[in-house]
Amino acid sequence: MNNLSTEWGFVTQNFKTKYADNIDISSFLIMELVNSKASLLEEEKTLIVYIKNKVFIQKLNQYKEVLEDLAFEVYTKRYKIHFELQKSTETQPIEGLPIFDETVVQKATTTNLEVLIKKSNLRKELTIESYLGGVSNKIALAAAQRIIDNPGTSFNPFFLYGGSGHGKTHLVNSIGIEILKKFPNYKVLYVTFENFLNDFMDIFNHGGRRPILERGDFRNKYRTLDVLIIDDIQGISGKEGIEGEFFNIFNELQKENKQIILTSDVKPSEFSQLPERIRTRLSMGMVIDIEKPEYELRFRLIKSKALRDGFNLPNEAIDFVAQNINSNFRELEGAYNKIKNHLLLTSETPTKEVIVKALKDIAVLKNEEDISPRTIIDKVCSFYKIKKEEIKSDSRKKNIAEPRQVCMYLLKKHTKLNLNEIASLLNKKDHTTIMHGISKIEENLENNSDLKEQLSLIKSEIFSR
């Protein structure tokens, strides 16, 4: 992976983590920044940042100084930031990201590696090869690779946070396995915070029996590691006894350049009951948010699983699942298992109607009739920063006409309105204008990657819960 691209990714992720909650900035603008690319003009000491939307460039200019300070933290050099409009190009695969294949388990795995994985309390099926990579986790994956290459030196601690089912446990497990492959003499340990707490509590609450771990053994177990991975560290907040012990272990490992990897549902600044000295330690390395999987990633997951299991699901059926089950991987896999079991038991042809029937008892499903035309118009206007009056006007300006056509396309695809009803809603004379607009979008979707991305973002907002 290109180092400049990776480092700029760290800058944008840091911006999102440190500032997005405290300033008046839209989620679309943050997403545009996180997905942006940069090139370096060394002689001019300038970073050129490519943005796809002119309106976003105007907004982002307000945050130049903040971004320049964050860039200095990553590049260790002062660069001016200049935003430029990115020319539309076909989206290229993200270099270095693994392609999803859940069936992959290292065939070359030696007995010795399997023993090390088991001893480290890692799960052998959670490999880097089976991790599904996409836009929502590309920065986390890039950081993971840096840690694998140089544990203890690149990002320490590595703090990964995000909602349940976003893939945090899978990624940190895969880091541990890859480190064992590269450094088989390393002592790696994966524990949940509950495991860590139980080890600590056993020292004191052993009911008169000999504790499993003496205090010295506890400290030796955790302070002599090369890599410590603690999952769900948010459980530490408010537990005074173990806070001090963790603080000492953390300092000891970091002083020796041993890698610390932590996951949480929330970022360190939200550990309200944790002492400031510990919150500061947790934030001093790399803090990265793994977002919920985007539409394309959800689509790929269902399609990959279906192909693996020999089911030829039509794209409209996969689209229905990907649009409706959009919160996390865990729910998405649960929905797929329902589909799989239904098809195995009934031997029905996997049409969209059959898939809808298989998932009828899932409460989060949204049928097309549940999506109001007003919601679609609101989300399109919000995304393109135009007024409702403009989208319903006769203006032929490109920045108005294209969003209007997107609106026509989405209204036809995701509501029960017919063409005449859509025409009436958008103040058009008849359905022929609507037909033309929809055809224009369908034609552009074949070779316009920017439009595909825009539609994915808008649909994510429409179907969000």
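The following exchange explains how certain terms are applied to this predicted model.

Author: Residues are numbered from 1 along each chain as its sequence is written, and side-chain values use heavy atoms, with hydrogens and water left out. In this predicted model, local features need pLDDT of at least 70 and side-chain atom pairs count only at pLDDT 80 or more, whereas totals for chains, interfaces and linings use all residues.

Reader: What makes Tyr75 and Tyr79 an aromatic pair that is edge-to-face?

Author: Rings of Phe, Tyr and Trp (its six-membered ring) pair if their centres lie within 6.5 Å; planes under 30 degrees apart count as stacked, over 60 as edge-to-face and the rest as tilted. Tyr75 and Tyr79 lie 5.7 Å centre to centre with 85° between the planes, so both conditions are met. The structure holds 14 aromatic pairs, and ring pairs also link Phe193, Phe196, Phe200, Phe218, Tyr222, Phe246 and Phe250 into a cluster.

Reader: Why is Arg277 said to lie over the face of Phe247?

Author: A charge sits over a ring if NZ of Lys or CZ of Arg is within 6 Å of the ring centre and within 35 degrees of the ring normal. Arg277 is 4.1 Å from the ring centre of Phe247, and therefore satisfies the distance limit. The charged end of Lys459 likewise sits over the ring of Tyr295, 4.9 Å from its centre.

Reader: Lys459 belongs to α21; why is α21 called mostly covered?

Author: Buried means under 20% relative accessible area, exposed over 50%, and partly exposed in between (1.4 Å probe, protein chains only). In α21, 10 of its 14 residues are buried, including Leu451, Leu455, Ile458 and Lys459. Helices (H or I, at least four residues) and strands (E, at least two) are DSSP runs, numbered from the N terminus.

Reader: How do you know that the span of α21 is close to the one expected?

Author: The expected span is 1.5 Å times one less than the number of residues. For the 14 residues of α21 the expected value is 20 Å, and the helix reaches 20 Å from its first C-alpha to its last.

Reader: What makes one space a cavity and another a pocket?

Author: On a 1 Å grid over the protein atoms alone, a cavity is a set of points where a 1.4 Å probe fits but cannot get out; a pocket is an open set with protein on both sides within 12 Å along at least five of seven lines, and lining residues have an atom within 4 Å of a point. One search of the whole structure finds 1 cavity of 30 Å³ or more. The largest cavity holds about 40 Å³ of space and is lined by Glu32, Asn35, Ser36, Tyr50, Lys52, Gln86 and Glu453. The second largest pocket holds about 1,300 Å³ and is lined by 42 residues. α18 gives the largest share of that pocket lining, 9 residues.

Reader: Why is Lys385 called partly exposed, and what is its phi?

Author: Lys385 has a relative accessible area of 38%, which falls between the two limits, so the class is partly exposed. Lys385 has a positive phi of about 55° although it is not a glycine, and it lies in the loop between α16 and α17. Asn427, in the loop between α19 and α20, has a positive phi of about 60°. Most residues other than glycine have a negative phi.

Definitions and conventions:
Points joined across faces, edges and corners; volume = space filled by probe spheres on them.
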